[in-house]
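Student: Could you take me through one part of this model closely, namely the helix in the middle of the discussion, its salt bridges and the turn that comes after? I would like one connected account rather than a list.

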Amino acid sequence: MRFLRGIRSLFTRRRREAEVDEELAFHIEMEAADGARQGLTPEAARTEALRRFGGVDRAKEEWREARFGRWMEE
């Protein structure tokens, strides 16, 4: 039973990580669109959106820490 939970967890984790990637991409796109509406070129708007967002890798790490912390509490 423990083995099956481990396998299921692996696939669930990958799905969750993909969902986080999609969510982060959505927010960055929205920020970039806002920058473009303010007159920035598409490239500059995306660069500014990434800067304002604070880094995708950092956001992913914070998400992982939050998930791990919740798991530890349970």
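Tutor: What follows starts with the whole chain, goes on to the salt bridges, and ends with the loop and the helix after that loop. Please keep in mind throughout that this is a predicted model, so each value below is computed from predicted coordinates.

The chain contains three helices and zero strands, and reading along the sequence gives the pattern α-α-α. Of the 74 residues in the chain, 14% are buried, and the accessible surface comes to about 6,200 Å², with 55% of that area belonging to carbon and sulfur atoms. Against this background, helix α2 has twelve residues and reaches 16 Å from its first C-alpha to its last, which is close to the 16 Å expected at 1.5 Å a residue.

Within α2, the residue to follow is Arg52, which is partly exposed, with a relative accessible area of 39%. Arg52 forms a salt bridge with Glu31, and the closest N and O atoms of this pair are 2.6 Å apart. Because Arg52 lies in helix α2 and Glu31 in helix α1 (residues 2–37), the pair ties together parts that are 21 residues apart in sequence. Glu31 is itself partly exposed, at 29% relative accessibility.

Arg52 also has a partner inside its own helix, since the side chains of Arg52 and Glu48 meet in a salt bridge with an N to O distance of 3.5 Å. These two residues are four apart in helix α2 and are therefore separated by about one helical turn. The general geometry is that an α-helix has 3.6 residues a turn, so residues three or four places apart point the same way. Glu48, at 23% relative accessibility, counts as partly exposed, because the cut-off for a buried residue is under 20%. Taken together with Arg51, these residues belong to a wider arrangement, in which Glu31, Glu48, Arg51 and Arg52 are linked in a network of salt bridges. A search of the whole structure finds six salt bridges.

Moving on along the chain, Gly54 comes just after α2 and takes a positive phi of about 95 degrees. Gly55 then lies in the loop between α2 (42–53) and α3 (56–73), and with 25% relative accessibility Gly55 counts as partly exposed. In space, the C-alpha of Gly55 is 9.9 Å from that of Leu24, although the two residues are 31 apart in sequence.

Beyond the loop, Asp57 is found in helix α3 and is exposed, with a relative accessible area of 61%. The C-alpha atoms of Asp57 and Asp21 are separated by 10.0 Å, the two residues being 36 apart along the chain. Helix α3 also carries a salt bridge between the side chains of Arg58 and Glu62, at 2.5 Å from N to O. Both of these residues lie in α3, four residues apart, or about one turn of the helix. Arg58 counts as partly exposed, at 40% relative accessibility, and Glu62 is partly exposed as well, with a relative accessible area of 42%.

To return to the part you asked about, Arg52 in α2 pairs with Glu31 in α1 and with Glu48 in its own helix, while Gly54 follows just after α2 with its positive phi.

Notes:
Residues are numbered from 1 along each chain as its sequence is written. This is a predicted model: local features need pLDDT of at least 70, side-chain atom pairs count only at pLDDT 80 or more; totals for chains, interfaces and linings use all residues. Side-chain values use heavy atoms; hydrogens and water are left out. Buried means under 20% relative accessible area, exposed over 50%, partly exposed in between (1.4 Å probe, protein chains only). The expected span of a helix is 1.5 Å times one less than its number of residues. Accessible areas come from the Shrake-Rupley method with a 1.4 Å probe; for residues, only the protein chains shown count as cover. A salt bridge is a side-chain nitrogen of Lys or Arg within 4 Å of a carboxyl oxygen of Asp or Glu.
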